[in-house]
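Colleague: I'm new to this one, so could you take me through the pocket slowly? Start with the chain around it if that helps.

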Amino acid sequence: MLVDLKVPPSDDWVPTLEDTPYQRIGGDDAVMALAGAFYDAMDAHEPALAKLHELDEKGRVNQGTRERFGLFLIGWLGGPQHYSAQHGHPRLRMRHAHVPVDLAMRDAWLRAMGRALDGRGVTGGLRRFLDERFAQVADFLRNQEG
């Protein structure tokens, strides 16, 4: 009987230093694809949120933003610290201070990420973990009431 060692039988997975979300998702390429799916979902379903970003000539969140977020996610999920090597410490609150983040924008962000995770087939214990962590960060970045 073959057993996939990446998927625990009970699916009550929690991250460890040896088994990170980055590894679970599939490494650099898979995390970059998740970042792309996130911005695709934002462009398609959350136009008010998309407009808070730099847009390209087609009115979509530009490639530079997509790449920076992907690099950030790689490190945040437990992979190599590509973002910090290229851009310095993330300083999330400082970098988002100029952006009005209220409940509506937080929720729009979470909906876009949920669609991206759905589209990339992220389920089970990994999905539960990521949903919780993304909600914590999105709420942490709120800088306006309402």
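Modeller: Start with the contacts between residues at least 6 apart in sequence: 64% of these join residues at least 24 apart. Keep in mind that this is a predicted model. The chain has eight helices and zero strands, so read along the sequence you get α-α-α-α-α-α-α-α. Its radius of gyration is 16 Å, close to the 15 Å that the globule rule gives for 146 residues, so the chain is as compact as a globular protein of that length. Along the principal axes, the C-alpha atoms fill a box of roughly 50 × 30 × 30 Å. Buried residues account for 38% of the 146. As for the outside, the chain exposes about 8,600 Å², with carbon and sulfur atoms supplying 54% of that.

Now for the part you asked about. How do we look for empty space at all? Rolling a probe the size of a water molecule over the atoms shows where it is left. Here, the largest pocket holds about 790 Å³ of space. It is lined by 28 residues, and the closest to its centre are Tyr39, His53, Phe69, Arg95 and His96. Several helices give two or more residues each to that lining: H2 (28-45), H4 (63-76), H5 (82-87), H6 (92-96), H7 (103-119) and H8. The largest share comes from H4, with six residues. If you sort the lining by type, you get 19 nonpolar residues, five polar and four charged.

Since H4 gives that largest share, let's stop at one of its residues, Thr65, which sits in this helix. Is Thr65 buried or exposed? Its relative accessibility is 10%, and the cut-off for buried is under 20%, so Thr65 counts as buried. Leaving out residues up to four places away in sequence, Thr65 touches Tyr39, His53 and Glu54. You have met two of those names already: Tyr39 and His53 are among the residues closest to the pocket's centre.

One more stop, this time in H8, which spans residues 124-140 and includes Arg127. H8 is also among the helices that give two or more residues to the pocket lining. Arg127 has a relative accessibility of 15%, so this residue counts as buried too. Which residues does Arg127 contact, leaving aside neighbours within four places in sequence? They are Gly114, Leu117, Asp118 and Val122.

Methods
Residues are numbered from 1 along each chain as its sequence is written. This is a predicted model: local features need pLDDT of at least 70, side-chain atom pairs count only at pLDDT 80 or more; totals for chains, interfaces and linings use all residues. Side-chain values use heavy atoms; hydrogens and water are left out. Helices (H or I, at least four residues) and strands (E, at least two) are DSSP runs, numbered from the N terminus. Buried means under 20% relative accessible area, exposed over 50%, partly exposed in between (1.4 Å probe, protein chains only). Contact means heavy atoms within 4.5 Å. On a 1 Å grid over the protein atoms alone, a cavity is a set of points where a 1.4 Å probe fits but cannot get out, and a pocket is an open set with protein on both sides within 12 Å along at least five of seven lines; lining residues have an atom within 4 Å of a point. Grid points are joined across faces, edges and corners, and a volume is the space filled by probe spheres set on the points. Ala, Val, Leu, Ile, Met, Phe, Trp, Tyr, Cys and Pro count as nonpolar, Asp, Glu, Lys and Arg as charged, and the others, Gly among them, as polar. The radius of gyration is taken over C-alpha atoms; the globule rule is 2.2 Å times the number of residues to the power 0.38. Accessible areas come from the Shrake-Rupley method with a 1.4 Å probe; for residues, only the protein chains shown count as cover.
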